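Hi,

Here is the structure I promised to pass on. Have a look at it first, and then read my notes underneath.

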Amino acid sequence: MTPRRAIATVVAVVLALTGLALASRREPVVLQASFASLGRPTMPFVPTGSFITSSWFCPGVPAGEADVGGSVTITNPNDEAMTGTVTAYTTSSDESTAGPPSASRPITVEPRSATTVDLVEMQPSGSFVAAVVEINGGGGFVEQVARHPAGDAVAACANAASSDWYFADGFTVDGSTEQLVLTNPYPDAAIVDIGFVTADGVRRPSRLQGYPVPGHSVQVVELGARDEPVVAAEVVASRGRVVAGRSQHYVGGGRLGYTMTLGAPSLSTQYWFADGERGTGITESYSIFNPTDEDVTVYPVFLGAPVSAEFTNDREITVPKGRVVTFDTADEAQLPDGRHGVVFSTFSTASIVVERVITRPAGDSVATSVVMGSPPELASRRWSAAISSDIAVDEAIVVLNADNIATTVTVSTLGTGGLVPVPGLEALPLAAGAVLTIPINDPSAIGVPFVVTSDQSIFVERLLPRGADLRGRSGSFALAG
């Protein structure tokens, strides 16, 4: 398949989805208030519509030790105050029995503002604390930040718990650690089967089959994979639903830092990434996990990088059934230096999960960031972020134009009368299929929620400071919608 055909297919999918949405608006519809029904689980987004309540499920933050912790930030973009409840769950003392009683706290978020709740303050015991945020009437959005001496990590909170969760890139080389953090926010116990895949094949330890996750608890799972450069994982519930996060502390093997990542609650045919970079001292790779029973062919297409006789942009990758394959951009010898986006596509049914790993220079050291890709249905003209940088930084926002049409991009904050464009960040030009990096350095945009809008479908990632005196950045997607 040529790169032009692959890109055309990608754009056609986005345009078809947009056309369906626009067509549906031509007929008047009477909306009835209801509980949120989000359909097939997907990566986090901002729901629209009229709901009695909406819930956000946060994957968890570390606790129980000095210098670790975390919080959730709830943003209200509306004209009226928003009320709700934050409920925190934690691990039990021996990690094998039901966790201690949950702790709940009512919240009120004033119009066009944000409220931050310290989760470890709510639940000081245990090794991890997870949260569910319930918003009366819906209309807000929620993200968490995990704080760790090796670096802070921002993650969106899920729109729903799920019976299935997938991770493509785990790493345990040179003493680096990987832990799955499973939260059951419901009163009844959930039962899950956990498997993982390394270069040697699939492993399903008996101790991880029929694994109980008691109601209202958090369970931390050690997979037992040692000195593995890639560990893909699958969590499947035979009873109940859970929320799955992955905590990773990198201490060697070419990686340094800390990440806390929400898993993918379903498989997809495509994954998009706005932020990619080739340059001196930078390593960039993508782990592609195929947990299905059929081999698949995956086509990575780089966007924002010029096609030439030397760089044909037409690679094909075979991912065998039940296996994980790592694609290192260093193998693309002619890929130009600089920024790029990338989309991974398969013409099979929904069958893959893709995660990106970038390690960049950070002062006299390096910093590693891992980001799960975004599925195609989340291509949006509006992206929201509850958590921004609390200091001025360049290249804090990375925007990829998913359409084959030139557009402009505006970054705004929440003002009393609506969205307020950030000075200097209004109508920034963005070419078709191109990538744009945007600074956060105006005082009005520092440390406050922001919204990125465009006339075309875009994907938006953030590169936020890692906290304290640490150099380097932590990557994460904003929320579509």
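Let's start with a definition: two strands pair if DSSP finds at least two bridges between them. The strands themselves (E, at least two residues) and the helices (H or I, at least four residues) are DSSP runs, numbered from the N terminus.

Before the findings, a word on what you're looking at. This is a predicted model, in which local features need pLDDT of at least 70 and side-chain atom pairs count only at pLDDT 80 or more, while totals for chains, interfaces and linings use all residues. Residues are numbered from 1 along each chain as its sequence is written, and side-chain values use heavy atoms, with hydrogens and water left out.

**The whole chain**

The chain has two helices and 36 strands. Of its 481 residues, 57% are buried; buried means under 20% relative accessible area, exposed means over 50%, and partly exposed is in between (1.4 Å probe, protein chains only). About 18,800 Å² of the chain is exposed, with carbon and sulfur atoms supplying 51% of that. Those areas come from the Shrake-Rupley method with a 1.4 Å probe, and for residues only the protein chains shown count as cover.

A contact here means heavy atoms within 4.5 Å. Take the contacts with a separation of 6 or more: 78% of them are between residues 24 or more positions apart.

**A sheet around E2**

Now find the open sheet of four strands in the order E5-E2-E7-E8, where the pairing is antiparallel. Which strands stand at its edges? They are E5 (113-118) and E8, and each has a single partner strand, so one side of each has no neighbour in the sheet. From one strand to the next, the twist averages 25° (axes are lines fitted to C-alpha atoms, for helices over the stretch in contact, and angles run from 0 to 180 degrees between N-to-C directions).

E7 (residues 141-147) and E8 run antiparallel and are joined by four bridges. If you want to see one residue pair, go to Gln 144: its bridge partner in E8 is Ala 155.

Strand E2 (residues 69-76) includes Ser 71, and Ile 74 is in E2 as well. Ser 71 is buried, with a relative accessible area of 8%, and Ile 74 is buried with a value of 0%. Leaving out neighbours within four places in sequence, Ser 71 contacts residues including Val 61, Thr 116, Leu 119 and Gln 144. With residues up to four places away not counted, Ile 74 touches, among others, Met 82, Ile 107, Val 117, Ile 135 and Phe 141. Val 117 is 43 residues from Ile 74 along the chain, yet their C-alpha atoms are separated by 8.3 Å.

**The disulfide**

A disulfide is a covalent bond between the sulfur atoms of two cysteines. With the cut-off used here (cysteine sulfur atoms within 2.5 Å), the count comes to one. It joins Cys 58 to Cys 157, S to S 2.1 Å. Cys 58 lies in strand E1 (residues 53-62) and Cys 157 in the loop between E8 (153-156) and E9 (164-167), so the pair ties together parts 99 residues apart in sequence. The torsion about the S-S bond of Cys 58 and Cys 157 is about 95°, so this disulfide is right-handed. Both Cys 58 and Cys 157 are buried.

**Another sheet**

Further along, four strands form an open, antiparallel sheet in the order E23-E20-E26-E27. Its edges are E23 (323-328) and E27 (365-372), each with a single partner strand, so one side of each is left free of a neighbour in the sheet. Direction ignored, neighbouring strands here are turned by 20° against each other on average. E20 (residues 283-290) pairs with E23 in the antiparallel sense over six bridges, and Ser 287 has Thr 326 as its bridge partner in E23.

**Aromatic rings**

Rings of Phe, Tyr and Trp (its six-membered ring) pair if their centres lie within 6.5 Å; planes under 30 degrees apart count as stacked, over 60 as edge-to-face and the rest as tilted. The structure holds eleven such pairs. One of them, Phe 171 with Tyr 250, is edge-to-face, at 5.9 Å centre to centre and 70° between the planes. Phe 171 and Tyr 250 are both buried. In Trp 383 and Phe 459, the ring centres are 5.8 Å apart and the planes are at 50°, so that pair is tilted.

Cheers
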